[in-house]
Amino acid sequence: MTVEVTVLSTSSLGDRSYLASDGRVAVVVDPQRDVDRILRLAGQRDVRITHVVETHLHNDYVSGGRELARLTGAEYLVAAADQVGFPRTPVDDGDEVPVSDTLRLRVVATPGHTFHHLSYVLDTVTDDGWQPVGVFTGGSLLFGTTGRTDLLGQQHAHELAHRQHTSARRLADLLPDGTQVWPTHGFGSFCSATQADAPDSTIGRERQVNPVLRLAADDFVTDILAGLDAHPAYYAHMGAINAAGAPPIDLTPATRADAGQLRERIAAGQWVVDLRHRKAYAAAHLAGTVSLGLDGPMSTWLGWLIDWGTPLTLLAETPEQIAEAQRELARIGIDRPAAQATGGPERWAADPGQLREQPTADFAALAAARVGNPPAGLPAPQVVLDVRMTNEWTAGHLTDAVHVPLPELSARLAEIPPGAIWVHCGSGYRASAAASLLANAGRTVVVVDDRFDRAAATGLTLTTPA
């Protein structure tokens, strides 16, 4: 009998869900909220979903598990120790869950990422009896790393880091080297302590490369806690939503806004987000908007930057792009944009005076400007602003730059010295978002739309760790 495990990647959030089947019935692990993707996949595989399982109450997205179980009639497996506001099948360490006559799940308590975290070993029948195929590890053992341990509060981070070490060692001791490892996090998610170092892995590989299996407990704890950076502000809402049980997703089109209504929304201090690529935004945009292109992790940064509950309007070139953005935002609990508009800046502006350009440059231009030769039409930099995260800054930064991580920018505008600002990040995406916030605050700003690893070659001076 062949077991098929299909990965459903949500690259915008850095997570994976799974559909595991024997060709007749299927188990779904850690589903995202937009369950139509999973139902479509099950239909294509011609399998019936009989079990939906959660490794933990997620902090980085709204789960679709409850709704998927309701739609399919599947059993919904959630840790017995988690207090939730909906019916579920409670499971705990040591439970065995029959899926079919050839598949079963074994529940293994793996606290660390959360207190009640579970992993699920997928077993199949062979001539020698039940044998493990793989293990769904959620936020426990990841590819070359583990899930972070501070999401329930810094006061728990040290204890949970020790538990994470114990849990990973338990999985490694329990399972043979050839067992596949199927984590939920580690592909860009801020739930991961660091990022995945491979596209797939096994228990045997993790024994060789993963610090949690190579370091003694105290060394691992010191290492993981030292490497943790800030995590998105919207995480504070995800656990509560998942414990209560999210309502079904609503992806019906948002109300259309005309140019006059857009101007009113901006004047009222609402968020109007331009989803076009930053280069299109730089060429022309509606004054007062925020640049967060769909080509990057829009939902993560929007969810981090916006005050929760602030009315949100989306701007894009096509209705399909609006629909994509709605889907991404619903995954983190921003359910209904207040309004939307499509087309381009000329259509969105009530008068031409509302249109703005965003000057851009690269690191070579910044190097020239810092020695008195700015490109024509660009102001000389009085401030070089780095909006990368603290770990990125610590690893190396432009000497004399000012550091304000993008999530802190709105609250720290008053700290930025006067004069023209040249703002950069690691690639240009966050710098464009930062520039739009700065311009909306009345500052003169140039976006350095360039990769940071090209800065040193231009002659700019970098400060790096000893």
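Let me start with Ser9, whose bridge partner in β2 is Arg16. This is a predicted model, and that should be kept in mind for everything that follows. The pair belongs to the contact between β1 and strand β2 (residues 15–21), where seven bridges join the two strands and they run antiparallel.

Those strands open a sheet, and the sheet is an open one of six strands, in the order β1-β2-β3-β4-β5-β6, with mixed pairing. Its edges are β1 (4–10) and β6 (89–91), each of which pairs on one side only, and the twist from one strand to the next averages 25 degrees.

If we step across to β3, we find four bridges joining β2 to β3 in an antiparallel arrangement, with Ala20 standing opposite Val27 in β3. The two strands form a hairpin with three residues between them, and in that turn Gly23 has a positive phi of about 95 degrees. Around this hairpin there is also a salt bridge to point out, since the side chains of Asp22 and Arg24 meet with an N to O distance of 3.0 Å. The two partners can be set side by side: Asp22 counts as buried, at 9% relative accessibility, whereas Arg24 counts as partly exposed, at 46%.

On its other side, β3 is joined to β4 by five bridges, and here the strands run parallel; Val27 appears again, this time with His51 as its bridge partner in β4. How many residues of β3 are buried? Five of its five are, so that the strand is mostly covered. Val25, Val27 and Val29 point one way from β3, while Ala26 and Val28 point the other way, and all of them are buried.

Leaving β3 by its C-terminal loop, we come to two backbone details. Most residues other than glycine have a negative phi. Asp30, however, in the loop between β3 and α1, has a positive phi near 50 degrees, and this residue counts as buried at 0% relative accessibility. Asp46, in the loop between α1 and β4 (48–53), likewise has a positive phi, of about 55 degrees, although it is not a glycine; Asp46, though, is exposed, with a relative accessible area of 64%.

Now to the salt bridges, of which a search of the whole structure finds 29. One of them pairs Asp34 with Arg331, with the closest N and O atoms 2.7 Å apart. Asp34 sits in the loop between β3 (25–29) and α1 (36–45), and Arg331 in the loop between α11 (319–330) and β17 (339–342), so this pair ties together parts that are 297 residues apart in sequence. Both Asp34 and Arg331 are buried.

A second example is Asp449 with Arg278, whose closest N and O atoms are 2.8 Å apart. Because Asp449 lies in the loop between β24 (445–448) and β25 (462–463), and Arg278 in helix α9 (residues 278–283), the pair ties together parts that are 171 residues apart in sequence. Here too, Asp449 and Arg278 are both buried. Coming back to Asp34 and Arg331, I would add that salt bridges with shared partners join Asp34, Asp36, Arg37, Arg327 and Arg331 into one network.

A word on annotation. UniProt, in an unreviewed entry, places the feature "domain: Rhodanese" at residues 378–464. In the model, the end C-alpha atoms of that span lie 29 Å apart, and the span is 21% helix and 21% strand.

Next, helix α7 (residues 235–244), which residues of it are buried? They are Tyr235, Met238, Asn242 and Ala243. These cover an arc of only 120 degrees around the axis, which puts them on the same side of α7. The general reasoning is that an α-helix has 3.6 residues a turn, so residues three or four places apart point the same way. The face of α7 turned away from the buried side carries the exposed residues Ala236 and Ala240, and the helix is followed by Gly245, whose phi is positive, near 100 degrees.

I will end with a single side chain, that of Thr124, placed in strand β9 (residues 118–126). With a relative accessible area of 8%, Thr124 is buried, and a polar atom of the Thr124 side chain lies 3.2 Å from the backbone oxygen of Thr102.

Definitions and conventions: Residues numbered from 1 in each chain as written. Predicted model: local features only at pLDDT ≥ 70, side-chain atom pairs only at ≥ 80, totals over all residues. Heavy atoms only, no water. Buried < 20%, exposed > 50% of the residue type's maximum accessible area, 1.4 Å probe, protein only. Polar contact = N/O pair within 3.5 Å; in protein donor to acceptor, adjacent residues only side chain to side chain. Arc of directions from axis to C-beta. Salt bridge = Lys/Arg side-chain N within 4 Å of Asp/Glu carboxyl O. UniProt positions renumbered as here; feature names shortened; annotations may be inferred. Pairing = 2+ DSSP bridges. Axes fitted to C-alpha atoms, helices over the stretch in contact; angles between N-to-C directions.
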